[in-house]
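Me: I'd like to learn how to read a protein model feature by feature. Could you take me through one?

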Amino acid sequence: VEILNQTQNEVLDFEFTAVAPLCDYIESPESSEAAECGFPFYFTTLDTSCAADQLITDQAAELEFTPDETTPDTIYYQCGTHTNLGWKIHVIDADAPSIQQVECSNFGSTPIRLTNELTLNAIIDPVLNTMKVELVYDGLAWVGMAFTDGSPIMVGAEAVIGLPDEPNSLQNPAKYDLNRREVSGVVRMSDEMQTLKNATIIQTESQTILSFTKLLIEPDEHPIFTDKANTFLFAHGSDNDLGFHSRFGSIEFRPNQCEVTVLGEVQNEYALDWQGVVGVEEPDLNRNLWMAHGICASIAWAILVPLAVGASLIRKVLVKIGLAESAWFQIHRVLNSLAAILTLIAFSLAVHAINDQTPSGESADHFSTITHHRTGLVIFVFTMAQALNGIFRPHLPHSDDEEEPSDQVDEKIEAPQASTTVKADETFPGEPKSDDDNDDGNSKKSSVRQFWEIFHRLLGATLLGLTWWQVQDGLGLFALRFDEENMDFVFWIV
């Protein structure tokens, strides 16, 4: 500016010596809230499209000046349109050392224990607008940290994940979009968005260390706040292959900052020891509920159903040892009824456990996260279908000269079936095919009955195969989630 009139204490009149058209940045609905978090966040909410308007850029003005020995050590700048938009410039000699110093030696001075095995160190450089992160896991597995919109929800967050078996490069560690909870929904961002600095994943004999430096504000990504708490997610696997996390949780905290000094004066003393931890939360995985779920399913399909099938296979032996001809059917019926009830209980426990461990505001996704969940739904539906199929089965015909109830005839000559009820004419899951399945000599099975028997046996065999795979897979998941020994060998021994 050129001062036209002034007194000893104030400037009365002036004019600008460098004038350009006004490019007015327009606020959005989010601007007011963002302003509370500081100007860098407020700025990201503004419509700045005028800066690309050629009519304005063609008339842009520049103000250039060269300090000399008469220039004061401190000069001030001010926007001609907005009040309180300006500050000061320190003028130093060309060969003088920088008057601004950034000291980050306090990095790691206040580590945060996320779990018994996982430790977080983090610090913000307010000059470079970056955050340096180090995650140390006392074990050997992939490690990750995610940045959210303030909620402890995985879907929609952006993560940095390190895979120890891959070399350190632009591809690893890398930034990922968390689009869904299953592994297929963890998608690596494009190369243009891989802006991490000094990103490494290193393993020793007993530890995995993920390190990286990330910009606080990046296009189309969740910002990292410097003056209020952030919500971050953390996770690690059970091995080096990216898969379902062994442990995960969220932390709400405000990282401390590197010390910034100008001419020896600390500029951000208020933020040096923040590390303002609000809380570390690990979702309750309901170990007791999952254990009860597994016990019910294992008893049903590793013990009860095989015994029920065995009873039908040794029906002649049961008769020879003095039991009634219908004894096998009564055993078959009771054991399979109990198995169906336990299957229903196991299914209900799983639904309840998933509901209980899902963070507030996030969809439970009972049957869309992992194969085990989807297979469980199929087994539940098939079991109920098998039970209904047994209840409404076509009965065997009885002889013309003997008015024997069809229920009784079924008990004597029918192959083992599957059902959840307690009536003698109903069937049960997991039945084998039997050579004893003949008619009574005076009557012949209808084509509907023959088709029903084939369908019922196929469905039973399918159920038994599915459930055996499901129990083994469930035991593996339980061991993975709760870091325990996999006991699937016990299942196969039984």
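Me: Let's start with burial. Is phenylalanine 225 buried or exposed?

Reply: This is a predicted model, so everything here is computed from its atoms. For burial, the cut-off to keep in mind is under 20% relative accessible area. Phenylalanine 225 has 17%, so it counts as buried.

Me: Where in the fold is phenylalanine 225 found?

Reply: Phenylalanine 225 is found in the loop between β14 and β15. For a look at its surroundings, try arginine 254: the two residues are 29 apart in sequence, and their C-alpha atoms are 7.6 Å apart in space.

Me: How do I read a salt bridge, and how many does the structure hold?

Reply: Look for a side-chain nitrogen of Lys or Arg within 4 Å of a carboxyl oxygen of Asp or Glu. The structure holds 7 such pairs. One of them joins lysine 175 and glutamate 218, with the closest N and O atoms 3.0 Å apart. Lysine 175 sits in strand β11 (residues 174–178) and glutamate 218 in the loop between β14 (208–215) and β15 (230–236), so this salt bridge ties together parts that are 43 residues apart in sequence.

Me: Are lysine 175 and glutamate 218 buried or exposed?

Reply: Lysine 175 is buried, because its relative accessible area is 1%. Glutamate 218 also counts as buried, at 6%. Salt bridges with shared partners join Lys175, Lys214, Glu218 and Glu221 into one network. Within it, glutamate 221 and lysine 214 meet at 3.3 Å, N to O, and both of these residues are buried.

Me: Which residue forms a salt bridge with arginine 247?

Reply: That would be glutamate 117, with 3.3 Å between the closest N and O atoms. The pair links distant parts of the chain, 130 residues apart: arginine 247 is in strand β16 (residues 247–254), and glutamate 117 is in the loop between β6 (112–113) and β7 (118–125). Here the accessibility is another story to read: arginine 247 is partly exposed at 24%, and glutamate 117 is partly exposed at 22%.

Me: Now pockets. What is the volume of the largest pocket?

Reply: The general idea is to roll a probe the size of a water molecule over the atoms, which shows where empty space is left. In this model, the largest pocket has a volume of about 1,100 Å³. It is lined by 28 residues, and the closest to its centre are Phe16, Ala18, Gln78, Cys79 and Gly80.

Me: Which elements supply the lining of the largest pocket, and what is its chemistry?

Reply: β2 (11–15), α3 (54–57) and β3 (74–78) each supply at least two residues. The largest share, 4 residues, comes from β3. By type, the lining divides into 22 nonpolar residues, 6 polar and no charged.

Me: Which residues make the nonpolar surface patch?

Reply: Val1, Ile3, Val11, Phe14, Phe16 and Val19 make it, with an area of about 550 Å². Take phenylalanine 14 as an example: it lies in strand β2, and at 40% relative accessibility it counts as partly exposed. Phe16 links this topic to the last one, since it is also among the residues closest to the centre of the largest pocket.

Me: What should I look for in the backbone angles?

Reply: Most residues other than glycine have a negative phi, and most peptide bonds are trans. Against that background, the peptide bond from asparagine 172 to proline 173 is cis, with omega near -10°. Proline 173 lies in the loop between β10 (158–162) and β11.

Me: Which asparagines have a positive phi?

Reply: Asparagine 129 has a phi of about 55°, and asparagine 198 has one near 50°. Asparagine 129 lies in the loop between β7 and β8 (130–137) and is partly exposed at 40% relative accessibility. Asparagine 198 is found in strand β13 (residues 197–203) and counts as exposed at 66%.

Me: One last place to look: where does glutamate 166 lie?

Reply: Glutamate 166 lies in the loop between β10 and β11. Its relative accessible area is 37%, so glutamate 166 is partly exposed. Its C-alpha atom is separated by 9.8 Å from that of aspartate 241, 75 residues apart along the chain.

Notes
Residues are numbered from 1 along each chain as its sequence is written. This is a predicted model: local features need pLDDT of at least 70, side-chain atom pairs count only at pLDDT 80 or more; totals for chains, interfaces and linings use all residues. Side-chain values use heavy atoms; hydrogens and water are left out. On a 1 Å grid over the protein atoms alone, a cavity is a set of points where a 1.4 Å probe fits but cannot get out, and a pocket is an open set with protein on both sides within 12 Å along at least five of seven lines; lining residues have an atom within 4 Å of a point. Grid points are joined across faces, edges and corners, and a volume is the space filled by probe spheres set on the points. Ala, Val, Leu, Ile, Met, Phe, Trp, Tyr, Cys and Pro count as nonpolar, Asp, Glu, Lys and Arg as charged, and the others, Gly among them, as polar. Buried means under 20% relative accessible area, exposed over 50%, partly exposed in between (1.4 Å probe, protein chains only). Patches are made of residues with over 30% relative accessible area and no salt bridge: like charges are joined within 9 Å, nonpolar side chains (Val, Leu, Ile, Met, Phe, Trp, Tyr) within 5 Å. Accessible areas come from the Shrake-Rupley method with a 1.4 Å probe; for residues, only the protein chains shown count as cover.
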